[in-house]
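User: Hi! I am new to looking at protein structures and would like some help reading a few features. Could we go through them together?

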Amino acid sequence: MRKNYSGISHALAKMTVLPLLLFGICTMLFSFFWIQSSMEAEVHSELESIAGTAILAYDGLYPGDYSRYGDENDLLFTKGDTILNSNYNFMDSLKESTGIDFTLFYDNIRVITTLCSDGDDRIVGTFANEQIVADVIDQNASAFYTNVDIFGKSYYCYYAPLYNSDGTCIGMLAAVMPSAQVRVLIVKATLPIFALTLVAAIFAGIWSFSYSKQLVAVIQKLTGAFEKVSKGKFSNTVPAELLSRKDEFGSMSHSLVDMQASLRTLVEQDMLTGLHNRRFGQQKLDYVIENTRGTNRGFSIALGDIDFFKKFNDTYGHNCGDYVLKSVASIMKDTVKDHGYCVRWGGEEFLIVFTNGTYEDHRTVMQSLIENIRNHRMEYEGQTLAVTMTFGLIDASDYESSDAMTSKVDELLYQGKQNGRNRLVTLEDEDLPNPLR
């Protein structure tokens, strides 16, 4: 009879060592690239932070604008009244304390640097890569690169534009780290994973007959957890028995749980307000509809937006608008609490789904919410902001689909906008006068 070797379960049952080695190799490769990606992100963050600190320090130590005198062969570079060309004390001390190399460019010319040639001469008077100049100086934007060749050596580089007081970009500051230094850290971080995988393979070979079935089950469960994550499920995907293990699989399971938490925050949460974003809010609403259909459990939804929100952006700037959004979101969370959940539906528009309590309870909560927002004193740069919101509220039990619900509650919101704003409109209020009718 022909044997089937197509599945990993059969392969591990017949021969444990080879499949586990393959699994180990895959784990190591995945870990290597994941660690590399994480390390590069950490290097990016570190170089960006240090570059920003260096620029602020230069502004503090040497007040005034950057200026250049002379030609490329006899260049005098100043900041305020200070000549910077030969003033390496600060830059060298910064390198000594951080291990990072720095370069100041006037336009595309290196005028001050801690980088040296093979002959230990500082490479001043040399030019930056044309593409980097185009990305940073021409575009007035910071940029991070993972493989910049500087005199035959590869570097991770972060470039930040330098500005004078009139807003003119006159050059850039570079914070750089040798690529070889980062690769050593990556290899050191990967070696323990490789060693643990090898030990696990040897142990499994010794105990192959008795352990293969258990190992197959563990891998299947862990693989299932990864598959659930790949399909967008970020909660309760890792079985408790895997999390309780004290071996590599337990470590991987906890890492997966941490990864799920990070992904869940990115996928489900609006980064500005901390509320659910629309994508996840819609998923939760569909789940509520499905789980209340055919039962006596009802629920309500409210849709609202901030009245005259555009004036905050237009009058005080977008930072003020962000402040208003975050403040309103905080009041919503505090007011709604255990009655349901809040969603940033889009822009200044918010959806509230009430899953606990009666419709009358929900209406009372909404009246309190509108009053809390109206009475909350919002101060921005010495200005007191008068913030109000208009909401529509419906008992969603009478509707078959989320589209029908949100369409109806949006009509009520629109009606509230047309009749003075700063109010709650329900189906009982639909006979209110509407100037558009």
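User: The charged end of which residue sits over the ring of tyrosine 66?

Analyst: Happy to help! Keep in mind that this is a predicted model. The residue you are after is lysine 79: its charged end lies over the ring of tyrosine 66, 4.9 Å from the ring centre. There is another case to look at, where the charged end of arginine 421 sits over the ring of phenylalanine 308, at 4.3 Å from its centre.

User: What describes a pair of aromatic rings?

Analyst: Two values do the job: the distance of the centres and the angle of the planes. In this structure there are nine aromatic pairs. One of them joins tyrosine 58 and tyrosine 62, with 5.7 Å from centre to centre and 45 degrees between the planes, and this pair is tilted. Tyrosine 58 and tyrosine 62 are both buried. Together with Phe90, Tyr58 and Tyr62 make up one aromatic cluster.

User: Why is the pair of tyrosine 145 and tyrosine 159 edge-to-face?

Analyst: Look at the angle. The planes of tyrosine 145 and tyrosine 159 stand at 75 degrees, with the ring centres 5.8 Å apart, so the pair is edge-to-face; the cut-off for that label is over 60 degrees. Now find the two rings along the chain: tyrosine 145 is in strand 6 (residues 143-150) and tyrosine 159 is in strand 7 (residues 153-163), so the pair ties together parts 14 residues apart in sequence.

User: Are tyrosine 145 and tyrosine 159 buried or exposed?

Analyst: Both tyrosine 145 and tyrosine 159 are buried.

User: Which residues touch the most other members of the largest nonpolar core?

Analyst: A core like this is a set of buried residues joined through their side chains. Here the largest nonpolar core has 35 residues, and Phe102 and Leu104 touch the most other members. Several elements each supply at least two residues of this core, including helix 3 (89-98), strand 4 (101-106) and strand 5 (109-113). Helix 2 gives the most to the core, with nine residues.

User: Which residues lie nearest the centre of the largest pocket?

Analyst: Thr27, Ser31, Glu248, Met252 and Ser255 lie nearest the centre, out of 25 residues that line the largest pocket. The volume of this pocket is about 700 Å³. Sorted by class, its lining holds 16 nonpolar, seven polar and two charged residues. To trace the lining on screen, follow helix 2 (17-61), helix 5 (179-206), helix 6 (208-230) and helix 8 (248-268), each of which supplies at least two residues.

Key. Residues numbered from 1 in each chain as written. Predicted model: local features only at pLDDT ≥ 70, side-chain atom pairs only at ≥ 80, totals over all residues. Heavy atoms only, no water. Phe/Tyr/Trp six-rings, centres within 6.5 Å; stacked < 30°, edge-to-face > 60°. Buried < 20%, exposed > 50% of the residue type's maximum accessible area, 1.4 Å probe, protein only. Helix = DSSP H or I, 4+ residues; strand = E, 2+ residues; numbered from the N terminus. Lys NZ or Arg CZ within 6 Å of the ring centre and 35° of its normal. 1 Å grid on protein atoms, 1.4 Å probe; cavity = no way out; pocket = protein on both sides within 12 Å on 5 of 7 lines; lining within 4 Å. Points joined across faces, edges and corners; volume = space filled by probe spheres on them. Nonpolar A, V, L, I, M, F, W, Y, C, P; charged D, E, K, R; others polar. Core = buried A, V, L, I, M, F, W, Y, C linked by side-chain atoms within 4.5 Å.
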